Amino acid sequence: MDEFDLDKYLRVSKKVDLSGVAWGRIAEHALAVDEARCLAYMMDIESHTIIFLRDLLATRAAFDPDVTAFLSCWVYEELWHGEAFSRFLGEAGYDLGPDRERVWGDAPYPSRRMRNTWIRRKVGAKGYVSHVATLGAAAVFKDFVALHMTWGCLNELNTLSAYHRLIAKSSHPVLVQLLERIIKDERRHFAFYRSQARRRLARSTQARTVTRWAMEHLWAPVGTGVRPQEETDHVIAFLFGDEDGLTATREMDDTMRELPGFAGSTLCLDARRATLARVHGHASRARLATPFAAYRS
Ligand SMILES: [Fe+2]
Ligand SMILES: [Fe+2]
């Protein structure tokens, strides 16, 4: 059983080290439209972390000093991941909606104010509903933190696996370099959530039963709901739709099954199957990617 060393994490937490990233050389290499579209999704989800945190801090998760100490550093690190992707996309020549802001490697912080405001407004009413639902669940379920930690564990695992898949698929050397730096943070995030989930699920039958039910009925892949469903579907189909992606999906489920109460669960395989059914039932991937290509200046 690996115990997460919170003291060490808090001491070493810092913004992702991007020294030596060749910002000026990004445009020298082709970036596939599918990869750019995944990166835009990843950027938006990383940048949205603070909203997820807002919902959680209104629950009993805020009473636990270990959890709040971790979350304080975690949200800071996620901010810089969003900025790193924002800068990469800008240097690759992608000006994203709604304002097509020009972003470059050393652009002022924070970048893409208009886009982030636009996305948060679009999430709007849905965001309030999920906020109230989170509050309600936390009020009636005394082991809510076990669910929160399990949810966070799978979301960080999705993120970690998606970045590994993008590294495997991409031939852009600077993107690979950037992802390898960011992945180190994601590995620590996942380790914290997993160690908390494991401990909290192990000590309560009710925590295991309710958390398993909630994960199987309420959980959706990381980022679902922040961007339109076809964007989440595109990322999953592109990164996890092939044979290697299926292997990576199975590995995520294997990891989740090690948690107390999760024997036999197939959360990621189920999500992948549902995504591929939606994608193959609609337009081809090439057609879906076409409007995004227009953002390339
Ligand atoms: Fe991140
Ligand atoms: Fe993370």
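In this predicted model, F88 makes a handy starting point, and its contacts reach well along the sequence. Leaving aside residues up to four places away in sequence, F88 touches I26, L39, L175 and L178. Some of these names come up again when the nonpolar core is examined. The largest such core holds 68 residues, and those touching the most other members are C38, L39, F88, L89, L178 and L239. Helix α6, which spans residues 144-169, supplies the largest share of this core, with 13 residues.

Helix α6 is also worth following to one of its packing partners. It packs with helix α8, residues 205-217, at an angle of about 45 degrees, and the two axes lie 9 Å apart. Because of that angle, α6 counts as oblique to α8. The crossing of the two helices is right-handed. On the α6 side, the residues that meet α8 are A146, L147 and T150, while α8 brings A207, V210, T211, A214 and M215 to the contact. Sorted by class, the residues of this contact are six nonpolar and two polar, with no charged ones.

A second helix pair offers a useful companion to the first. Helix α10 (residues 243-257) packs with helix α11 (residues 267-281) at an angle of about 145 degrees, with 7 Å between their axes. Here T249, R250, M252, D253 and M256 of α10 meet L267, C268, L269 and R272 of α11. The contact of α10 with α11 is made up of five nonpolar residues, one polar residue and three charged residues.

Attention now turns to the loop between α4 (65-91) and α5 (113-140), where P98 is found. The peptide bond joining G97 and P98 is cis, with omega at about 5 degrees. P110 also sits in the loop between α4 and α5, and the peptide bond from Y109 to P110 is cis as well, with omega near -10 degrees.

The backbone of this loop has further details to show. R100 is found in the loop between α4 and α5, and its phi is near 55 degrees, a positive value in a residue other than glycine. R112 lies in the loop between α4 and α5 too, and phi of R112 is likewise positive, near 55 degrees, again in a residue other than glycine. How buried or exposed are these two arginines? R100 has 13 other C-beta atoms within 10 Å, so R100 is partly exposed. R112 has 22 other C-beta atoms within 10 Å, and therefore R112 is buried. The step from count to label is a simple one, because a residue is called buried once 20 or more other C-beta atoms lie within 10 Å of its own.

The last stop is T232, which lies in helix α9 (residues 229-240). T232 counts as buried because it has 22 C-beta neighbours inside 10 Å. Which residues does T232 touch, not counting residues up to four places away in sequence? They are P221, G223, T224 and R227. For P221 a distance can be added: the C-alpha atoms of T232 and P221 are separated by 7.9 Å, with the two residues eleven apart along the chain.

Key:
Residues numbered from 1 in each chain as written. Chains lettered and ligands numbered in written order. Predicted model: local features only at pLDDT ≥ 70, side-chain atom pairs only at ≥ 80, totals over all residues. Core = buried A, V, L, I, M, F, W, Y, C linked by C-beta atoms within 7 Å. Buried ≥ 20, exposed ≤ 12 C-beta atoms within 10 Å, placed from the backbone. Helix = DSSP H or I, 4+ residues; strand = E, 2+ residues; numbered from the N terminus. Contact = placed C-beta atoms within 7 Å. Axes fitted to C-alpha atoms, helices over the stretch in contact; angles between N-to-C directions. Parallel < 35°, antiparallel > 145°, perpendicular 65-115°, else oblique. Left-handed = near helix turned anticlockwise from the far one by under 90°. Nonpolar A, V, L, I, M, F, W, Y, C, P; charged D, E, K, R; others polar.
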